[in-house]
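Work through these exercises with the structure open. Each task comes with a stepwise solution.

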Amino acid sequence: MPDVPGYTGRVKLQSAYEAADARVALERGDILFFPDGGFEIPREVRTALTGATQDTRAIHKNIAYKPNIDRVSGLVDRAEAETIRKAMREYSRLALAFMARILPAYARTWKIDYASFRSIEERGRELPLTKRNDLLHVDAFPTRPVFGDLILRCFTNVNPEQSREWMTSEPFAKLAALEAKNAGIEEYAKTADSSVRKLRRSAMRALSKAGLPVVDRSPYDAFMLHFHDWLKGNEAYQRDCPKYRFELPPGSTWLVFTDVAPHAVLGGRLALEQTVIVSRNTLENPACAPSAILERIAGRSLIE
Ligand SMILES: [Fe+2]
């Protein structure tokens with residue numbers, strides 16, 4: 001990726017106050033870091049959240065907040081729901097305003113996705129392999145395909161004492177050059193405009209219109225979902241890839257395209273997060289999009 005200024009082929013923790021261009025830094029895979037938090041979170045929001053009891057059953061990995069319908073899920077104690085909903089609504093509002101202020105070019109067309117609260121200690125957490133946070137992976141959403149757009153997430157460590165520990169590896173451009181073919185990108189690309197796929201898509205649309213919970217994915221989305229699990233299950237990758245570790249201290253905020261930067265969480269509890277889906281067309285360097293990178297490797301469109 002020689003046309004991306006500052007691209008070094010590794011993920012860096014980049015001070016947001018020194019970044020010449022926030023978009024360029026994020027798109028090459030850097031983590032944009034605000035040691036002072038970047039925006040104020042009211043004390044009542046922090047207090048409400050530190051007391052929340054999360055449902056630890058596997059279906060709820062985090063406490064989730066859906067801004068579009070103003071609903072919260074993943075709590076044990078229903079009586080807490082109203083307090084948590086208020087607190088998460090406020091974090092979501094503040095985080096979105098903050099992100100829009102520093103990334104106005106993305107904000108014009110981004111889609112607002114969910115917010116989440118990660119209340120459980122990550123070190124030693126027992127989860128099924130594909131849900132484990134301590135294994136390096138790039139993000140993909142099973143229920144919300146992005147059709148080539150990108151997953152931008154804003155995290156805030158609201159733990160007053162403990163840092164959140166992250167590990168990353170080389171960004172998507174390098175990762176895909178090494179592993180996309182091994183993971184089967186060519187098979188996924190073959191489905192791109194097959195007649196079977198066209199039939200399947202029209203059937204999916206009809207079912208979706210009828211209100212059934214089916215998910216219509218592009219070949220890109222299908223590959224990324226597979227790649228997420230493939231990376232977590234790949235012992236050689238997990239063992240041998242270069243690794244960079246970061247401590248995100250109490251009160252800090254960081255922004256990252258979690259489909260560009262492979263990441264794992266090794267420790268920490270009490271982090272808040274807001275996701276937006278950024279249109280590939282609004283990138284400073286659209287060639288940096290994981291979908292564009294995979295399309296170059298596959299030699300065809302993966303979106304339709
Ligand atoms: Fe992730």
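**Exercise 1.** Find the residues in contact with Leu294, leaving aside its neighbours within four places in sequence.

Solution. The model is predicted. Leu294 is in contact with Ala176, Ala180 and Ile185. Tyr220, Phe223 and Leu302 complete the list. Now place Leu294 in the core. The largest nonpolar core has 76 residues, and Tyr91 and Leu294 touch the most other members. Helix 3 (residues 81-102) gives this core its largest share, 8 residues.

**Exercise 2.** Describe how the axes of helix 5 and helix 10 are arranged.

Solution. Start with the spans: helix 5 covers residues 172-179, helix 10 residues 290-298. Next, the distance: the axes come within 10 Å. Then the angle: they cross at roughly 30 degrees. Angles under 35 degrees count as roughly parallel. Helix 5 and helix 10 are therefore roughly parallel to each other. Last, the hand: the crossing of helix 5 and helix 10 is right-handed.

**Exercise 3.** Which residues of helix 5 and helix 10 meet, and how do they divide into nonpolar, polar and charged?

Solution. From helix 5, take Phe172, Ala173 and Ala176. They meet Pro290, Ile293, Leu294 and Ile297 in helix 10. The residues of this contact divide into 7 nonpolar, no polar and no charged.

**Exercise 4.** List the buried residues of helix 5 and name a helix that covers them.

Solution. A residue is buried if 20 or more other C-beta atoms lie within 10 Å of its own. In helix 5 the buried residues are Phe172, Ala173, Lys174, Leu175 and Ala176. What covers them includes helix 10.

Terms used. Residues are numbered from 1 along each chain as its sequence is written. This is a predicted model: local features need pLDDT of at least 70, side-chain atom pairs count only at pLDDT 80 or more; totals for chains, interfaces and linings use all residues. Axes are lines fitted to C-alpha atoms, for helices over the stretch in contact, and angles run from 0 to 180 degrees between N-to-C directions. Helices (H or I, at least four residues) and strands (E, at least two) are DSSP runs, numbered from the N terminus. Angles under 35 degrees count as roughly parallel, over 145 as roughly antiparallel, 65 to 115 as roughly perpendicular and the rest as oblique. A crossing is left-handed if the near helix is turned anticlockwise from the far one by less than a right angle, and right-handed if clockwise. Two residues are in contact if their C-beta atoms, placed from the backbone, lie within 7 Å. Ala, Val, Leu, Ile, Met, Phe, Trp, Tyr, Cys and Pro count as nonpolar, Asp, Glu, Lys and Arg as charged, and the others, Gly among them, as polar. A nonpolar core is a set of buried Ala, Val, Leu, Ile, Met, Phe, Trp, Tyr and Cys residues joined through C-beta atoms within 7 Å. A residue is buried if 20 or more other C-beta atoms lie within 10 Å of its own, exposed if 12 or fewer, and partly exposed in between; C-beta atoms are placed from the backbone.
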